[in-house]
Amino acid sequence: MPDVSELVAAMAEESDLTRLTGLRTGKSTFYPQYRGATARLKRTLSSLGLIAGALVRTSDGPERLICEVVEAARVHLDAQWAVFALADGTFVDAGPRCLVLGPDGTPYLVGDVEGPPLPDDVVDLLDNIRRAGIGDEVVVDNRFVCVPLALGGGHVGALAAWTRRPIDATDAAVLSILASQTAVALQNSAVLEHARRTAADLESRNAELEAAQRELGAAQRNRVLDEERHRIARELHDSVTQAVLSAGMQIEVCRNDIPADERRERLDLAKDLTRRAVDQLRSAIYALEHSADHHKSSLPDMLAQLGVVHMPGELTVTVDVGGAPVELPGDVDHTLIRVAGEALFNTAVHAEATRARVRLRYETHQVSLAVDDDGCGEPGALRSVLGVARRGDLGGMHRGLVNMADRVADAGGEFRVRRSRLGGVRVVATIPLSAARPEVDDEDGP
């Protein structure tokens with residue numbers, strides 16, 4: 001497709017006296033009105049090409065647009081002084097708000113940057129335009145022309161020039177076209193700039209929100225782990241202290257004169273108590289010394305870490321994850337990790353188990369967590385204890401079991417205690433992720 005300037009140049013070349021009249025002559029006295037019309041036509045077409053080139057600068061921003069418009073007016077009018085200014089309070093983001101080009105296109109004023117002194121007439125005109133003190137009509141006075149930039153029923157600025165030749169009706173019409181289109185182009189440019197800034201701001205805010213969401217998620221997961229470590233530390237402190245004190249008491253008794261069989265039994269009991277205390281201390285110390293594992297932030301990673309935290313020497317813990325892992329709400333993450341922690345702790349301390357299995361299942365409408373062991377626990381007895389403990393009849397005992405059930409209920413899920421295929425107890429927490437009710441799993445479920 002030909003360039004606009006090339007089309008304008010071709011039209012200008014075809015608009016000579018021969019094209020207009022069909023006559024040929026070399027005498028300058030013949031047809032002066034045609035020669036004048038041809039000159040004006042050529043100048044007008046050339047100016048329209050400049051105007052078109054200026055107005056397509058809308059996407060380059062208001063500064064480039066304004067500079068191109070004033071230069072187009074200066075060239076078309078053969079102006080000694082070309083003036084552009086916006087009224088105060090209009091197009092507040094446009095720049096430069098005023099521009100004065102002197103002889104040969106030399107800039108005398110660009111925005112707030114002043115060059116050589118300006119003539120008084122130019123200074124007075126700039127002040128009138130800024131105060132919106134000019135009228136709504138085009139002013140033509142021999143070698144001076146001033147055209148308001150009209151927009152929305154008012155004027156937002158003006159284009160003006162002092163020329164080296166008289167101004168005719170064609171010049172005023174061309175400048176009026178340029179002024180009206182410039183006002184619209186400035187408005188479009190302002191809208192485009194606003195849209196660009198808004199898009200950039202939204203992109204920046206979206207990036208900040210995503211970063212904040214990641215940080216909050218990491219902080220939530222770290223907080224859950226820290227709470228779990230503190231809970232383990234408190235409970236192990238009590239259990240280890242009791243075990244060591246009990247072992248010390250047995251040894252103290254053995255210092256007395258007692259039968260050999262009784263001394264042997266008491267020493268064996270002290271040995272067993274100290275071994276249990278060492279196992280509990282080892283798992284607690286490992287957990288508390290690995291608080292810097294910030295990269296372990298996903299739910300499967302946290303479950304794997306809890307498996308290590310709760311692992312005394314005689315207990316083997318495995319973690320199995322099924323389905324496609326998804327980002328869960330913070331409260332769901334919190335609930336599942338606390339349920340897993342409590343279940344594993346009970347298995348390690350009370351169940352006399354050698355194996356524990358944690359199974360996490362991501363499904364379409366729900367996420368399920370199951371903790372199995374091969375210990376000595378009785379699901380029926382635990383269900384009965386849970387019912388009694390919820391009524392507060394056990395003096396604060398078995399609060400861990402109640403806490404697990406309450407956490408799952410608060411998340412809108414279901415908590416069950418069943419017989420495990422491993423032979424011990426199976427604790428299952430199922431939490432829906434949508435309005436669909438969670439499916440009832442069978443023994444081959446999570």
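Trainee: Which strands does helix H5 lie across, and how do you know the angle to E1?

Mentor: Helix H5 (residues 120–130) lies across strand E1 (79–86), strand E2 (98–101), E3, strand E6 (144–151) and strand E7 (154–163). Contact here means heavy atoms within 4.5 Å. The angle to E1 is about 25 degrees, and angles run from 0 to 180 degrees between N-to-C directions, using axes fitted to C-alpha atoms, for helices over the stretch in contact. By the way, this is a predicted model: local features need pLDDT of at least 70 and side-chain atom pairs count only at pLDDT 80 or more, while totals for chains, interfaces and linings use all residues. Residues are numbered from 1 along each chain as its sequence is written, and side-chain values use heavy atoms, with hydrogens and water left out.

Trainee: What makes something a helix or a strand here?

Mentor: Both are DSSP runs, numbered from the N terminus: a helix is H or I with at least four residues, a strand is E with at least two.

Trainee: Why are E4 and E5 called edge strands?

Mentor: The sheet is open, with 7 strands in the order E4-E3-E2-E1-E7-E6-E5 and antiparallel pairing. Strand E4 (113–114) and strand E5 (139–141) each pair on one side only.

Trainee: How do you know that E3 and E4 really pair?

Mentor: Two strands pair if DSSP finds at least two bridges between them. Strand E3 (residues 107–110) and E4 have 2 bridges, in the antiparallel sense, so by that definition they pair. Leu-109 stands opposite Glu-114 in E4. On to E2: 3 bridges join E2 to E3, and there Val-100 stands opposite Leu-109 in E3.

Trainee: Which residues have a positive phi in those two hairpins?

Mentor: In the hairpin of E2 and E3, with 5 residues between the strands, Asp-104 has a positive phi of about 65 degrees. In the hairpin of E3 and E4, with 2 residues between the strands, Gly-111 takes a positive phi near 65 degrees.

Trainee: Why is Gly-157 called buried or exposed?

Mentor: Buried means under 20% relative accessible area, exposed over 50%, and partly exposed in between (1.4 Å probe, protein chains only). Gly-157 has 1% relative accessibility, so it counts as buried. Gly-157 sits in strand E7, and, neighbours within four places in sequence aside, its contacts include Ala-85, Leu-86, Ile-129 and Pro-148.

Trainee: Why is the Trp-81 and Tyr-108 pair called edge-to-face, stacked or tilted?

Mentor: Rings of Phe, Tyr and Trp (its six-membered ring) pair if their centres lie within 6.5 Å; planes under 30 degrees apart count as stacked, over 60 as edge-to-face and the rest as tilted. There are 2 aromatic pairs in the structure. Trp-81 and Tyr-108 have ring centres 4.7 Å apart and planes at 75 degrees, so this pair is edge-to-face. Trp-81 is in strand E1 and Tyr-108 in strand E3, so the pair ties together parts that are 27 residues apart in sequence.

Trainee: And what makes the pair of Phe-144 and Trp-162 stacked, tilted or edge-to-face?

Mentor: Their centres are 4.8 Å apart and their planes at 45 degrees, so the pair is tilted. Phe-144 and Trp-162 are both buried.

Trainee: How many disulfides are there, and how do you know?

Mentor: A disulfide is a pair of cysteine sulfur atoms within 2.5 Å, and the structure holds 0 of them. As for cysteines, Cys-98 is buried, at 3% relative accessible area, and Cys-254 counts as buried at 10% relative accessibility.

Trainee: What makes a group of residues a nonpolar core?

Mentor: The members are buried Ala, Val, Leu, Ile, Met, Phe, Trp, Tyr and Cys residues joined through side-chain atoms within 4.5 Å. The largest such core has 38 residues, and Leu-299, Leu-360 and Phe-415 are among those that touch the most other members. Helix H9 (residues 330–350) gives the largest share, 7 residues. Apart from this core lies another, of 27 residues, including Ala-161 and Leu-175.

Trainee: Why is strand E10 called largely enclosed?

Mentor: In strand E10 (residues 366–373), 8 of the 8 residues are buried, so the rest of the structure largely encloses it. Both faces are covered, with Gln-366 and Ser-368 among the buried residues on one side and Val-367 and Leu-369 among those on the other. E10 also pairs antiparallel with strand E9 (residues 355–362) over 7 bridges, and with strand E12 (residues 425–432) over 7 bridges.
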